[in-house]
Amino acid sequence: MVHPLESRVEHFVTCSPGLETTLHREVKALGLPKVEQQVGGVRFIGRMEDAWRANLELRTAVRVLRRLDRFPCPDEKTLYETAKSVDWSAFLASDGGFFVDAQCRESALDHSQFVAQRTKDAVVDSLRDASGARPSVAKEDADLRIHVHMWRDRCTLSVDTSGDSLHKRGWRKYQGYAPVAETIAAGVILQSSWDRRAPLVDPFCGSGTLLVEAALIASGTAPGIFRGFGFEKWPGHDAKGWGKIREAALARVKMPAKLQLIGRDLDPDHLPGALENARSVGLADHFEFEAGDACAIAWKKGWGATIASNLPYGIRVGDPDNLDQLHHAFGASLRTSCAGYNFALLVGSRQFAHILGFQKWDSLPIQNGSLSCRLLLGGI
Ligand SMILES: C[S@@+](CC[C@H](N)C(=O)[O-])C[C@H]1O[C@@H](n2cnc3c(N)ncnc32)[C@H](O)[C@@H]1O
């Protein structure tokens, strides 16, 4: 029998809704086998080493789930028996802590808490019968996260190779009030037409997320290089093989010498934190932060910069009554002074695209947590 970590199996990489095409492009570029874009993510069929690389390299991925089984599941007995038949010792040490997360739709077993509970029982019973071990349930800092996805009475049982969500890169020292998720920030930069050499400006930079992710992209730094992953805690983990992959990724890092990453924010309190974030990726020399109103920047003629930003939404940041005015003034400033620039602007709703007043733009819906945002892309 093939060891559960050696076989070539289906993986599902999740992302924020709206970023599937970007993620699909990334997965293809990584050369992973048998790639297919689906709703909510991208599927590939590969070995454990492919999952390592997916975790380390994919910028818009949120989790990499490794499928253990997919089976018709009309009742609780089938769920329990099938989950119990898995060799969990490949993924969890006898004293390890684990957590089960379940999602159920259009199925006889439609109570996700119950499904998670029965799966948990099956895992505990399986390990106890095999070795007398009794692992514990640990929501925080689990050694293993198990995903159960039940749809139309078909159950997909997966292990989460990532551990913490991949938006937690490990570089963030400062949060600010409303930081955009690192995975979405990377999606904004990857969708923009920035050539990774021209100056990149974020006039509403907050904690600097977009600029830091841009620095990682421009320098070829793997987004996962500053953190650990769930698979590293698995008993069968090949630490030596994984170490080589990490070293190869580190050896590749090279920042374009003259790249300028420029952040502005009306609130000066963000700027020391933004600089601290820039320092933590080791590329602070390329960053410049300054306090000021985004609508009053003295843009340089013919500079050809890319403006990438996430504007205040008015829900957590910004006065909702002034949002129309802010978008109007910002759009007017760009239209008057920034001919030849590109923009990639994440805004809180479709209406702001019109208020900004550009002649032409593409608009991509992106779900940012509970906020339905729009990414506006174009040239001025
Ligand atoms: C949605 S937050 C940006 C968050 C940022 N992307 C991050 O990841 O931390 C919007 C930012 O716009 C700033 N802001 C609001 N009005 C502004 C203005 N007129 N000019 C410049 N910055 C402004 C706020 O202080 C806030 O930091």
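Ala, Val, Leu, Ile, Met, Phe, Trp, Tyr, Cys and Pro count here as nonpolar, Asp, Glu, Lys and Arg as charged, and the others, Gly among them, as polar. The model is predicted, with local features needing pLDDT of at least 70 and side-chain atom pairs counting only at pLDDT 80 or more, while totals for chains, interfaces and linings use all residues. Residues are numbered from 1 along each chain as its sequence is written.

Select the ligand and its shell, which holds 13 nonpolar, seven polar and four charged residues. Of these 24 residues, F204, G206, S207, T209 and A294 come nearest (near: C-beta atom, placed from the backbone, within 6 Å). Both α6 (209-219) and β10 (261-265) supply at least two residues of the shell; helices (H or I, at least four residues) and strands (E, at least two) are DSSP runs, numbered from the N terminus.

Next, select L211, which, leaving aside neighbours within four places in sequence, is in contact (C-beta atoms, placed from the backbone, within 7 Å) with L200, D202, C205, L261, G263, A278 and F287. In the largest nonpolar core, a set of 98 residues, V13 and L211 touch the most other members. Helix α6 gives the most to this core, with seven residues. Because domain 1 (9-160) and domain 2 (182-220 + 229-379) both give residues to the core, it lies between them.

Finally, select α2 (residues 48-57), of whose ten residues nine are buried (20 or more other C-beta atoms within 10 Å of their own), so the helix is largely enclosed by the rest of the structure. Among the buried residues are M48, W52, R53 and E57, and their cover includes β1 (9-14), β3 (41-46), β4 (63-72) and α7 (239-251).

Key:
A nonpolar core is a set of buried Ala, Val, Leu, Ile, Met, Phe, Trp, Tyr and Cys residues joined through C-beta atoms within 7 Å. A residue is buried if 20 or more other C-beta atoms lie within 10 Å of its own, exposed if 12 or fewer, and partly exposed in between; C-beta atoms are placed from the backbone. Domain bounds come from an automatic or database domain assignment. Two residues are in contact if their C-beta atoms, placed from the backbone, lie within 7 Å.
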